[in-house]
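Open your viewer, switch on side chains and get ready to click along. We will go from one selection to the next and look at what sits there.

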Amino acid sequence: PDLRNNGRKKLLLFGVTGSGKSALCNALSQPVKKDDGPLNQRFPESANQQIGNTRTILKNVNFLHLRSKEISLIDTVGFNSTEMSNTAIAELIVSLKESCDYIHLFAIVVSSPKRIEASLKETIDLFVGMFGKTRFWQNTVLIFTNLQQSDDQITRRSKTRSDKEMVENFNRALGETYSLKVDIPTLIIDAHYDGSKLDERSRFKSSACELYNMLVNSGGTSVRHVQRVVGKYEGLQDEVNRLTVQAEKDRLVAEEALRQVEEERKAKEEAMKQAETERKAKEEARLQAVRERRAKEKAIRRADKERRALFFTYILLQSMKKSRKR
């Protein structure tokens with residue numbers, strides 16, 4: 001859908017293939033579950049973590065399925081190597097340029113805080129190039145999706161290194177890589193939490209709500225300059241041009257399809273109106289026939305009454321004549 005001017009805060013998630021972006025989008029757009037069942041695949045999750053999604057998915061959703069919390073989620077393609085294809089980058093640029101106006105919060109999605117992979121750095125560089133270093137880092141949160149948040153698992157991991165220590169080390173490495181003066185806000189949101197376990201469910205809901213508050217309070221940045229990165233990648237401009245033309249063709253096809261649907265809807269409405277007019281006409285004709293029948297019946301009764309009156313008058317007159325003759 002077109003997210004432009006929809007009045008919703010927009011959260012864009014990106015990361016390497018298999019980091020849990022789509023799983024997190026599914027978890028954030030559905031009610032907090034109370035069992036260990038799978039979530040609906042509103043954002044398709046790839047079974048092959050080396051491939052991932054091949055296109056940017058934009059959706060208007062209700063955060064945790066709450067009616068009062070309307071947001072837009074943008075699930076980007078995943079990159080699994082430093083050889084980022086021009087097609088993937090161009091698809092991202094065209095999707096944002098054609099269907100979005102602002103990004104209020106960027107979420108760097110990482111499976112676990114082990115190390116900064118080259119492909120993740122390349123992806124971050126891409127977004128920094130699109131939106132500018134200051135605007136990007138001022139509106140960014142770091143999310144780890146594959147740290148199970150049960151009490152048992154947290155205790156087990158703490159025997160070697162606590163979650164807090166791992167996250168701080170990762171954040172420190174990120175800051176050193178990009179010369180950041182402050183730490184990036186960080187959340188642990190288990191995208192595959194077990195809703196039947198109160199500890200996992202509670203931690204998921206708490207962290208998710210914290211993410212929502214960050215989104216609501218974020219100023220965001222415009223997408224109007226996303227195309228400025230094309231000069232950094234050989235052949236990217238040609239691919240952007242190709243996909244832009246294709247997007248325009250797809251838009252025209254979609255508009256034509258919508259026009260046909262609208263015409264069919266109007267034709268059906270007109271047919272229904274015509275049928276209703278005919279039904280009313282038939283009903284009016286039936287009522288008129290009933291009125292005419294009743295009028296005839298009334299006239300017959302009146303005539304019969306008059307005939308009887310004349311008959312009785314005749315009998316009376318005959319009786320009077322006979323009386324006079326006597």
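**A tour of rings and a buried acid**

Begin with Phe136, which is buried, with a relative accessible area of 0%. Keep in mind as you look around that this is a predicted model.

Now add Phe106 to the selection; this residue also counts as buried, at 0% relative accessibility. The two ring centres are 5.0 Å apart and the planes of Phe106 and Phe136 meet at 50°, so this pair is classed as tilted. Colour by secondary structure next: Phe106 belongs to strand S5 (residues 105-110) and Phe136 to helix H4 (residues 133-138), so their pairing ties together parts 30 residues apart in sequence.

Widen the view. Select Phe14, Phe127, Phe131, Trp137 and Tyr178 along with Phe106 and Phe136, and you have a cluster linked by ring pairs. Across the structure there are twelve aromatic pairs.

Two lysines come next. Select Lys69 and Tyr212: the lysine lies over the face of the tyrosine, 4.7 Å from the ring centre. Then go to Phe43, where Lys59 lies over the ring face at 6.0 Å from its centre.

For the last stop, pick Asp190, in the loop between strand S7 (186-188) and helix H7 (198-216). Which side chain of opposite charge is nearest to Asp190? Arg157 is, at 7.7 Å, and the buried Asp190 has no salt bridge. Show the backbone too, and you will find the Asp190 side chain reaching the backbone nitrogen of His192 at 3.1 Å. Beyond its neighbours within four places in sequence, Asp190 is in contact with residues including Phe144, Gln148, Glu200 and Phe204.

Technical notes:
Residues numbered from 1 in each chain as written. Predicted model: local features only at pLDDT ≥ 70, side-chain atom pairs only at ≥ 80, totals over all residues. Heavy atoms only, no water. Phe/Tyr/Trp six-rings, centres within 6.5 Å; stacked < 30°, edge-to-face > 60°. Helix = DSSP H or I, 4+ residues; strand = E, 2+ residues; numbered from the N terminus. Buried < 20%, exposed > 50% of the residue type's maximum accessible area, 1.4 Å probe, protein only. Lys NZ or Arg CZ within 6 Å of the ring centre and 35° of its normal. Lys, Arg positive; Asp, Glu negative; His and termini not counted. Salt bridge = Lys/Arg side-chain N within 4 Å of Asp/Glu carboxyl O. Polar contact = N/O pair within 3.5 Å; in protein donor to acceptor, adjacent residues only side chain to side chain. Contact = heavy atoms within 4.5 Å.
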